[in-house]
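Subject: Structure handover and notes

Hi,

Here is the structure for you to load. My notes come after it.

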Amino acid sequence: MTVNILEGKSQLSPYSEEDIILDPLIVLRCNTRVFRCCPILEVVIQMLTAFLAASRAFLSTHLLANSSTSSSKKQDLFNITPMCTDQEKEELKIALLAAQESTAVQILLEICLPFEGEQRDGGMLNAIREVQCLVCSQLHQIFISDPALVKLVHFQGYPSELLPVTVAGIPSIHICLDFIPELLSQPQIEKQAFAVELVSHICQHYALPKSLSVARLAINILLTHLTVLPGDERGKFFAPLLPSLVRIARAFPPLYDA
């Protein structure tokens, strides 16, 4: 009932509890004004957490009830043929849950940015800061409970203007240091640039030996690009990353010479 009311649209067939368990992201299809009212947004986030957990439990129960040992000739929710093994079904379930949860995180990150056409007065900026604090607190809990989701979200990427918010507001963000080397080795140059910006902000807040090691790796990769990228692409790649190099140099002065 709360989900249907917050959506703010008249519906011929309102969402049922079963609908939301099958697709927990329905909870986030609410009126955009909800995302600027922290008390209501907190309720929405609690509902999202509850329905994501309910979806996870439902899918586990469903697969157990439709396992090859209990009903080998039934088609299940995934429309999988009886030839599909239980292990394959489990892998599909894990992939579905990861997609649901990473999408939920991406949406929560998006609402931390000003909406298109939104006024930038003092009151609205304060509201956005409150939303950022609430979302970062929730993401911290999510990342602690599921470190694999941290890696998935950062490999997907998100707007770089959110990095100062996420690194400062999510205490568990430093676990990104475990997989940033892998992110730096991705063939997509955009992901490499995102990784450099991410490590620069982490170095600024967590000047640890591991941060130094990852920052040195990032600089070595940048030096490689300096020699292999064509002149026009070199400028496009390095110009947005100059502030990141400044942050790394300030956090670790010995890297200044690099």
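Below is what I found, starting with the whole chain and going on to helices and single residues.

**Overall**

This is a predicted model. The protein chain has 13 helices and zero strands. Its 258 residues are 43% buried. Take the contacts with a separation of 6 or more: residues 24 or more positions apart account for 67% of them.

**Helix α5**

Helix α5 covers residues 86-110. Its length checks out. At 1.5 Å a residue, its 25 residues should span 36 Å, and the end C-alpha atoms are 36 Å apart, so the two agree.

The buried residues of α5 include Leu97, Ala104, Val105, Leu108 and Leu109. Lys89, Lys93 and Glu101 are also on that buried list, as are Gln100, Ser102 and Gln106.

What do the buried residues of α5 pack against? The partners are α2 (17-22), α3 (38-65), α6, α7 (147-156) and α8 (163-169).

**α5 with α3**

For a helix pair, the two descriptors are the angle between the axes and the distance between them. For α3 and α5 the angle is about 170 degrees, and the axes are 10 Å apart. The two helices are therefore roughly antiparallel.

On the α3 side, the contact uses Ile45, Leu48, Leu52, Ser55, Arg56, Leu59, Ser60 and Leu63. On the α5 side, it uses Lys89, Glu90, Lys93, Leu96, Leu97, Gln100, Glu101, Ala104 and Leu108. By class, the residues of this contact are nine nonpolar, three polar and five charged. Lys89, Lys93 and Glu101 take part in the contact, and these three are buried.

**Helix α6**

Helix α6 runs over residues 122-145. Its 24 residues should span 34 Å at 1.5 Å a residue. The end C-alpha atoms are 35 Å apart, which agrees.

Many names appear on its buried list. Among them are Ala127, Ile128, Val131, Leu134, Val135, Cys136, Ile142 and Phe143. Gln132, Gln138, Leu139 and His140 are buried as well. The buried residues of α6 pack against α3, α5, α7 and α8.

**α6 with α7**

The axes of α6 and α7 come within 5 Å and cross at roughly 115 degrees. That makes α6 roughly perpendicular to α7. Ile142, Phe143, Ile144 and Ser145 in α6 meet Pro147, Leu149, Val150 and His154 in α7. This contact holds six nonpolar residues, two polar and no charged.

**Two neighbours in α6**

Leu139 sits in α6. Is Leu139 buried or exposed? Its relative accessibility is 1%, so Leu139 counts as buried. Leaving out residues up to four places away in sequence, Leu139 touches Val105, Leu108, Leu109 and Ile170. Val105, Leu108 and Leu109 are themselves buried residues of α5. Leu139 also has a sequence-distant residue to note, Thr166: they are 27 residues apart along the chain, with C-alpha atoms separated by 8.9 Å.

His140 is in α6 too. Its relative accessible area is 17%. Buried means under 20%, so His140 counts as buried. Which residues does His140 touch, not counting those up to four places away in sequence? They are Ile170, Pro171 and Ser172. His140 and Pro171 are 31 residues apart in sequence, yet 6.6 Å apart in space, C-alpha to C-alpha. Ile170 is a contact of Leu139 and of His140.

**α10 with α11**

Further along the chain, helix α10 (residues 189-205) packs with helix α11 (residues 209-228). Their axes come within 10 Å and cross at roughly 145 degrees. The crossing is left-handed.

From α10, the contact residues are Gln192, Val196, Val199, Ile202 and Cys203. From α11, they are Ser211, Val214, Ala215, Ala218, Ile221, Leu222 and His225. The division is nine nonpolar, three polar and no charged.

**In short**

The protein chain has helices and zero strands. Charged residues appear in the contact of α3 with α5. The contact of α6 with α7 has none, and neither has that of α10 with α11.

Best wishes

Technical notes
Residues numbered from 1 in each chain as written. Predicted model: local features only at pLDDT ≥ 70, side-chain atom pairs only at ≥ 80, totals over all residues. Heavy atoms only, no water. Helix = DSSP H or I, 4+ residues; strand = E, 2+ residues; numbered from the N terminus. Buried < 20%, exposed > 50% of the residue type's maximum accessible area, 1.4 Å probe, protein only. Contact = heavy atoms within 4.5 Å. Expected span 1.5 Å × (residues − 1). Axes fitted to C-alpha atoms, helices over the stretch in contact; angles between N-to-C directions. Left-handed = near helix turned anticlockwise from the far one by under 90°. Nonpolar A, V, L, I, M, F, W, Y, C, P; charged D, E, K, R; others polar. Parallel < 35°, antiparallel > 145°, perpendicular 65-115°, else oblique.
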